[in-house]
Amino acid sequence: MPGRRTDGRRVALVIEGGGMRGVVSAGMAAAIEQLGLRDAFDEVHGASAGAFNAAFLLAGQASYLATLYQYGFGDPRFASLKRALRGGPAFDMDYVINHVWTFERPLRFDAVLSSGIDLHCTATDADRAAIVDLTDLGSDEEIRCALRASGRLPWLAGGPVPFRGMRLLDATLAEAIPVHVACSSGATDVLVLMTRPEGVAHAGLSRPVAWLTDRYLRGINPALVELRATRSPRYDALCASLAGQASDSEGSPAVCLIRPGAGSLMVSQTEWREAALQTAGSHGLRSAWMALAGEDPELIGTLRAYPRGVSGVGGVGGVVAGDRNVNGGHLETGLGGVPARGEVAGPGSHA
């Protein structure tokens, strides 16, 4: 049982995000859920979209979220160029978290809080230009605030999120894979879910987007510009370091990596195409399944109902592409697409 070990081990799951590319690690989290391995972990760490995946995994809804990526996290209106041109956020995660995931397609906050597994959402402290660990989340509202902070893309998703006396921005500014936080929390064994195949370097922002982002960050704290500018080399160095730790069978903590296989579809953090997101998610699911179960699964799109669980919410309104609402329930077809082989690095998952 989580947190009740007698073997002296503490097992952590670390989930990389990266905007819509988080669908890859969402698929991996779905594999962990479907294999019944969630309770093998004492703590789960997520950065940006990885924090979303972590929360839904603890709620027993990882497979649900992996499918919602295809539909704008449950409502395609969360992304709007017109809204951005009017001065609003291009990606309105506040709407998704505070409305869609609370009322329309609810995250089971009660299940997260009662899971017995520690949820850690990382974010970037805008004033210190450093990573911060948001944990000991004791209520629905604290979980919502932590998720909003972890995924607050600079200027694209709005201003810093105020929480616990800090101004917080997207976790990936400081660290895209929150493994250092997991190690500092006392984890003895760490399983890392990564969204890029081995050898795929971090791609920086385009010049126009980098210029706009830096202008925005400079107005908050000039030190954040340096974080943004060095993000790609820091990410690549971290991946190289993790690969080295995973190959060391005597290392402490023991580290294992699961990443998409060579040739898997790479999607960007702003990917919006339904088919691409579905395929990337299926690649992630299959990669993790092969690494953890040792078999090549067949992925079949099946109808599955998810009760909304919110009194007074339901009916036939609010239907989005790909779902049908019946008496307040949600029917969807799961992950499909053409899978790619996954790979695992490390001495074992220790999970």
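Begin the tour at the second largest cavity, which holds about 100 Å³ of space. The model on display is a predicted one.

To find this cavity, select L153, P154, W155, L156, L173, L205, V209, T213, R228, R231 and Q269, the residues that line it. Colour the selection by residue character: seven of the lining residues are nonpolar, two are polar and two are charged. R228 and R231 belong to this lining, as do T213 and Q269.

Next, turn to the largest cavity, where the enclosed space comes to about 130 Å³. Its lining consists of 14 residues, and those closest to its centre are G19, F73, M93, G151 and L153. Select these five residues to centre the view. How do the lining residues of the largest cavity divide? Nine are nonpolar, four are polar and one is charged.

Keep L153 selected for a moment. This residue is among those closest to the centre of the largest cavity, and L153 also lines the second largest cavity. The count of cavities of 30 Å³ or more comes to two.

Now clear the selection and display the whole chain as a cartoon. Twelve helices and twelve strands make up its secondary structure. Of the contacts in the chain with a separation of 6 or more, 76% are between residues 24 or more positions apart.

Finally, switch on the surface. The accessible surface of the chain is about 14,300 Å², and carbon and sulfur atoms account for 54% of that area. What percentage of the 351 residues count as buried? The value is 56%.

Conventions: Residues are numbered from 1 along each chain as its sequence is written. This is a predicted model: local features need pLDDT of at least 70, side-chain atom pairs count only at pLDDT 80 or more; totals for chains, interfaces and linings use all residues. Side-chain values use heavy atoms; hydrogens and water are left out. Helices (H or I, at least four residues) and strands (E, at least two) are DSSP runs, numbered from the N terminus. Buried means under 20% relative accessible area, exposed over 50%, partly exposed in between (1.4 Å probe, protein chains only). Contact means heavy atoms within 4.5 Å. Accessible areas come from the Shrake-Rupley method with a 1.4 Å probe; for residues, only the protein chains shown count as cover. On a 1 Å grid over the protein atoms alone, a cavity is a set of points where a 1.4 Å probe fits but cannot get out, and a pocket is an open set with protein on both sides within 12 Å along at least five of seven lines; lining residues have an atom within 4 Å of a point. Grid points are joined across faces, edges and corners, and a volume is the space filled by probe spheres set on the points. Ala, Val, Leu, Ile, Met, Phe, Trp, Tyr, Cys and Pro count as nonpolar, Asp, Glu, Lys and Arg as charged, and the others, Gly among them, as polar.
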